[in-house]
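Subject: Structure for you to look at

Dear colleague,

I am handing over the structure we spoke about, and my notes on it follow below. Please read them with the structure open beside you.

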Amino acid sequence: MKLTSKHKIAIGVAAFCLLYIILAMRPLGKELHFIPEWTQDIFHVEESRETEEDLIPFKLGQNIGYFTEDGRITKNIPFPYKASISDSYYTIFGANNTSADFYKCDGSKAGTIELSGFPYFDGDRVYLFLPGGNSFIKCDETGKAQWKFENYAPITAFSSSKGGTIAGYADGTLISFNNDGSINHRFSPKGSKYEIIFGAGISSDGSSVACISGRDRQRFVVARKEKGHSRIVFHEYLNEESSEQELVKYSLNDRAIYYSYKDNLGIYSFKDEKSFHIPMKGNVVQIEESDSSGLVFVLSREDSKYTVTVLEKFNHIAAKFSFDAECAFIQARGDNFFVGRNSKISRLTVSKK
């Protein structure tokens, strides 16, 4: 049978459609699933066993303590005024304390900070903020002072890593310290009408620092130490400005920096040398990263509504859920994700299906 031109066109279109469908076929992406494992009340305390356990810290309302991955609350300590807790240490203290005993996560005494001030723990790092708000001390694991830094301006941002310590000040100065107390970075980002540091972060080796700085043209700045000088390698002005303290946190592999500002989360990629921005209502209060899955969990709060946003490949939203609570926290350990709300802690296993 001789094909007419119409038949040839129809066959051609059909062949094109079939080829397009074949070439466009892709396996469906796997979705994240959160599988509930257990929920425990923090007031149901069981003493820790003799075996080595990974104790995970929590702070909910006026209570601090530790729990295990299998759901046992090993310690719950109410505090009337202030408390500090990390994976390694905890303490409670009053407004006018002249010294502070602090303890290991198993409850044994670690040491005593024999000075007035406000203890702060970051992992196994021990600090004391002195009265007046412009000076701090780095202590050893027993509470003995190792070095001290005094400044005339109040501290407005503070963070640390294995590679060093960083402090931002109300006069717009950003200073980072090596572990021996010597100054590594010291500069003022400037670029804004009113100079103040609202958030600061430091890389795991101390070579790179970042901050949220200024009002009236607030900006995010990244600097790196090169040939003995701090050189700004990236900066951007932010579309929304904050007047509150903000989180600035390097990823576990130092490939990215997470930074919060009003109703947004920014992510700077060192590889791409550019930033990404994710709208996020409210204040970002905590950022935790899984050391096995690479997922990043962001806890934000708007009034009494908390939202957990899960990121993969550091800047893609993979999941999101919200809940109402008076207080909340998050933690990540491997494929396990923990959410605390009011007086309850829940474990969710994260899987892709």
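Ile-175 is buried, because its relative accessible area is 0% and the cut-off for a buried residue is under 20%. Please bear in mind throughout that this is a predicted model, and that Ile-175 is found in strand 15, which covers residues 174-177. Leaving aside residues up to four places away in sequence, Ile-175 touches Phe-149, Thr-165, Ile-166, Ala-167, Tyr-169, Ile-183, His-185 and Arg-186. As for a position further along the chain, Ile-175 and Tyr-258 are 83 residues apart in sequence, and their C-alpha atoms are 19 Å apart in space.

Ser-176 also lies in strand 15, and Ser-176 counts as buried because its relative accessibility is 1%, where buried means under 20%. The residues that Ser-176 touches, again not counting those up to four places away in sequence, are Thr-165, Ile-166, Ser-182, Ile-183, Asn-184, His-185, Ile-202 and Val-209.

From there I turned to the sheets. Four strands form an open sheet in the order 17-18-19-20, and the pairing in this sheet is antiparallel. Its edge strands are strand 17, residues 194-202, and strand 20, residues 229-237, each of which pairs on one side only. From one strand to the next, the twist in this sheet averages 25°.

Within that sheet, strand 18 (residues 208-215) and strand 19 (residues 219-226) run antiparallel and are joined by six bridges. One residue pair to look at here is Cys-211, whose bridge partner in strand 19 is Val-221. Strand 18 and strand 19 form a hairpin with three residues between them, and in the turn Asp-216 has a positive phi of about 60°.

On to the next pair: strand 19 and strand 20 pair in the antiparallel sense over eight bridges. Val-221 appears here as well, since its bridge partner in strand 20 is His-235, while Cys-211 has Val-221 as its partner in strand 19. The hairpin of strand 19 and strand 20 has two residues between the strands, and in this hairpin Lys-227 takes a positive phi near 55°.

There is also an open sheet of four strands with the order 9-10-11-12, and the pairing in it is antiparallel. The edge strands in this case are strand 9, residues 118-122, and strand 12, residues 145-150, each pairing on one side only. Here the twist averages 25° from one strand to the next. Strand 9 and strand 10, the latter covering residues 125-129, pair in the antiparallel sense over five bridges, and Pro-119 stands opposite Leu-128 in strand 10.

Elsewhere in the chain, four bridges join strand 5, residues 82-85, to strand 6, residues 89-93, and these two strands run antiparallel. A hairpin through three residues joins strand 5 to strand 6, and the bridge partner of Ser-84 in strand 6 is Thr-91.

For the chain as a whole, which elements make up the secondary structure of the protein chain? The secondary structure comes to one helix and 31 strands. Taken along the principal axes, the C-alpha atoms of the protein chain fill a box of roughly 105 × 50 × 35 Å. The protein chain has 353 residues, and 48% of them count as buried, with Ile-175 among the buried residues at a relative accessible area of 0%.

Of the contacts in the protein chain with a separation of 6 or more, 40% are accounted for by residues 24 or more positions apart. The accessible surface of the protein chain comes to about 18,400 Å², and 51% of this surface belongs to carbon and sulfur atoms. Finally, the protein chain carries 43 positive and 44 negative charges, and the mean positions of these two sets are 9 Å apart.

With best regards

How values were computed:
Residues are numbered from 1 along each chain as its sequence is written. This is a predicted model: local features need pLDDT of at least 70, side-chain atom pairs count only at pLDDT 80 or more; totals for chains, interfaces and linings use all residues. Side-chain values use heavy atoms; hydrogens and water are left out. Two strands pair if DSSP finds at least two bridges between them. Axes are lines fitted to C-alpha atoms, for helices over the stretch in contact, and angles run from 0 to 180 degrees between N-to-C directions. Buried means under 20% relative accessible area, exposed over 50%, partly exposed in between (1.4 Å probe, protein chains only). Contact means heavy atoms within 4.5 Å. Accessible areas come from the Shrake-Rupley method with a 1.4 Å probe; for residues, only the protein chains shown count as cover. Lys and Arg count as positive and Asp and Glu as negative; His and the chain ends are not counted. The place of a charge is taken as NZ of Lys, CZ of Arg, CG of Asp or CD of Glu.
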